[in-house]
Amino acid sequence: MTTTTTDLDAYLDANRDRRIASYEAFLRIPSISALPQHAADCKRAAAFVADELREMGVEHVEISPTAGHPVVYGDWLHADGAPTVLVYGHYDVQPVDPLELWVSPPFEPVVRDGRILARGAADDKGQIHMHLRATEAILATKGRLPVNLRFLFEGEEESASEHLEKWLAANHARLAADVAVISDTGFFEGNLPAITLSLRGIMYAQIDVIGAPVDLHSGGFGGAVENPANALARIIAGLKGEDGRIQIPGFYDDVVELSAADRSALAKLPFDEEAYREALGLPALVGEVGYTTLERRGVRPTLDVNGLWGGFQGDGAKTIIPAHAHAKVSCRLVANQDPERIFELFRDHVARIAPPGVRTTVTSLGGGRPSLTPMDHPATQAAARAIEAAFGRAPLYIREGGSIPVCASFETVLGLPVVLAGFTNPDDNAHAPNESMVLDNYERGIRAIARLWDEIAATKLGAAARA
Ligand SMILES: [Zn+2]
């Protein structure tokens, strides 16, 4: 951090108590999106955010209805010639059960050992609040922002952002931007500053193998007919090789291969593979040959059976040939795999390897796109400089194995590069009892966001489009 105290620093220092009080007020609203009895609370949380935006001078603030919980929109667009950033966060939170495991009530925030404890402290109200405070501080001290900002805060992230994509498409015109910044991720183990470069997508399918209309006697019919459970086992065995490679023709065609820089960034992460194995209680770690554990779990596509059933499940022996057998199978996808295309390849491959003598069908159970913003993207580098300035060390570059649904929508519906700059401590217990945010992360995160706008203003992002 710079040693000279700027007006911004002085403002933030002078307003700390007020800031924490506001953060706590936001956390007291039980905006659980999944539970219908909290719909009014979601509205209150949206109103809280909208009021804050209006008060600090953000314009066109609107609580925009959807078929579910509302979206809060607002903008400040007076930085002529500067890039425009779309800022995303979500004001809804996860349910709180099991309640008995919380050390204090989830919607009565308390500060303890340098952390604030409450549902939403980290995911994601804390990070929205950091954005609000950064913008407020800049506008209060400078009267203007170095970039144009559009704010988009939704209330359904914890329920799969069900209505957001439609809202994005309908509001396309007022979402024009050069880059999106999503603050809904966190730092690396050890609370080391990090930027998440990619998220995986998913393809989810069910395989149904159907034999005779009823279970058959395995003595009377065994040997003469195909067994759906045996057939399913052969199909599953044909999906993935011993080398961990997925056997579906064309599966890897669109996979963006790792650059040498990507691989070395991942290799630099302080990761103790043996401790990881030990913590999982596994005899060994396995995966695709030629890739490290961190690469396998973050940047390579996967195929896993998520459920498998059929035939006799009771105690003892029952000599049947089951009438049917089933499996749920999913693939985690990486850039630029398309879930629909992968489903088609999967379905066709299963049809090819399915044995005769049974009827095999494959049904899609949905999917989501992967996303990736490269390490050398100017917006990623701007975020890296901002984080280093505020946290005193250069960020690590990490890959998330899971997904944030909106991230891929920003890329596909709005055509925006996405920077995943999140500031929560990795032990934040998001979605679990005793969620917490380290207050130092919160405070430095506010300063990093303020710095990020200066750093983005200094890039040429979107300049060609504006010229
Ligand atoms: Zn979140």
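In this predicted model, the buried residues of helix H6 are covered by a set of elements that includes strand S9 (201-210), strand S11 (304-310), strand S12 (320-321), strand S13 (324-333), helix H10 (339-353) and strand S14 (359-368). Helix H6 itself runs over residues 228-237, and its buried residues are Pro228, Ala231, Leu232 and Ile235. These residues sit on the same side of H6, because they cover an arc of only 100° around the axis. A further detail appears at the start of H6, where a side-chain oxygen of Asn227 comes to within 2.7 Å of the backbone nitrogen of Ala229.

Helix H10, one of the elements that cover the buried residues of H6, is also the home of Phe346. With a relative accessibility of 0%, Phe346 counts as buried. Leaving aside residues up to four places away in sequence, Phe346 touches Met203, Ala205, Ile207, Leu239, Ile248, Leu303, Val329 and Val362. The chain also brings Phe346 to a C-alpha to C-alpha distance of 11 Å from Gln206, although 140 residues separate the two in sequence.

A second helix offers another buried residue to look at. Thr135 is located in helix H4, which spans residues 125-142. Its relative accessible area is 1%, so Thr135 is buried. A polar atom of the Thr135 side chain lies 3.0 Å from the backbone oxygen of His131. Not counting residues up to four places away in sequence, the contacts of Thr135 are with Met56, Val58, Leu145, Leu149 and Phe151.

Attention now turns to the metal site. Which residues coordinate the zinc ion? The donors are His90 through NE2, Asp123 through an OD atom and Asp184 through two entries for OD, at 1.9 to 2.6 Å. The angles among the 4 donor atoms range from 54 to 149°, and the site is irregular. Along the sequence, the donor residues follow the spacing H-x32-D-x60-D. Distant parts of the chain are linked here: His90 belongs to strand S3 (residues 84-90), while Asp184 lies in the loop between strand S7 (179-182) and strand S8 (194-199), 94 residues apart. Both His90 and Asp184 are buried.

The zinc donor Asp123 also takes part in an uncommon piece of backbone geometry. For background, most peptide bonds are trans, and most residues other than glycine have a negative phi. The peptide bond from Asp123 to Asp124, however, is cis, with omega near 0°. Asp124 is found in the loop between strand S5 (115-117) and H4. Another cis peptide bond, also with omega near 0°, leads from Asp97 to Pro98. Pro98 is placed in the loop between S3 and strand S4 (110-112).

Positive phi values can be found as well. His60 is not a glycine, yet has a positive phi of about 50°. This residue lies in strand S1 (residues 59-64). Is His60 buried or exposed? At 56% relative accessibility, His60 counts as exposed. Asn434 likewise has a positive phi, near 60°, in a residue other than glycine. Asn434 is placed in the loop between S17 and S18 and counts as buried, at 18% relative accessibility.

Finally, the aromatic rings can be followed across the chain. How many aromatic pairs does a search of the whole structure find? The search gives 9 aromatic pairs. In one of them, the ring centres of Phe187 and Phe391 are 5.0 Å apart and the planes meet at 80°, so this pair is edge-to-face. The partners come from distant parts of the chain, 204 residues apart: Phe187 is in the loop between S7 and S8, and Phe391 is in helix H11 (residues 378-391). Both Phe187 and Phe391 are buried. Phe391 has another partner in Phe423, and this pair is stacked, with 6.2 Å from centre to centre and 10° between the planes. Here too the pair links distant parts of the chain, since Phe423 lies in the loop between strand S17 (418-420) and strand S18 (436-438), 32 residues from Phe391 in helix H11. The relative accessible area of Phe423 is 2%, so Phe423 is buried, and Phe391 counts as buried at 14% relative accessibility. Taken together, Phe187, Phe391 and Phe423 are linked by ring pairs into a cluster.

Key. Residues are numbered from 1 along each chain as its sequence is written. This is a predicted model: local features need pLDDT of at least 70, side-chain atom pairs count only at pLDDT 80 or more; totals for chains, interfaces and linings use all residues. Side-chain values use heavy atoms; hydrogens and water are left out. Donors are N, O and S atoms within 2.8 Å of the metal (3.2 Å for Na, K and Ca); water is not among the atoms, so sites may look incomplete. Four donors count as tetrahedral if all angles lie between 85 and 135 degrees; four count as square planar and six as octahedral if opposite donors are over 155 degrees apart and all others between 65 and 115; anything else is irregular. Helices (H or I, at least four residues) and strands (E, at least two) are DSSP runs, numbered from the N terminus. Buried means under 20% relative accessible area, exposed over 50%, partly exposed in between (1.4 Å probe, protein chains only). The arc is that of the directions from the helix axis to the C-beta atoms. Contact means heavy atoms within 4.5 Å. A polar contact is a pair of N or O atoms within 3.5 Å; within protein, one must be able to donate a hydrogen and the other to accept it, and residues adjacent in sequence count only if both atoms are side-chain atoms. Rings of Phe, Tyr and Trp (its six-membered ring) pair if their centres lie within 6.5 Å; planes under 30 degrees apart count as stacked, over 60 as edge-to-face and the rest as tilted.
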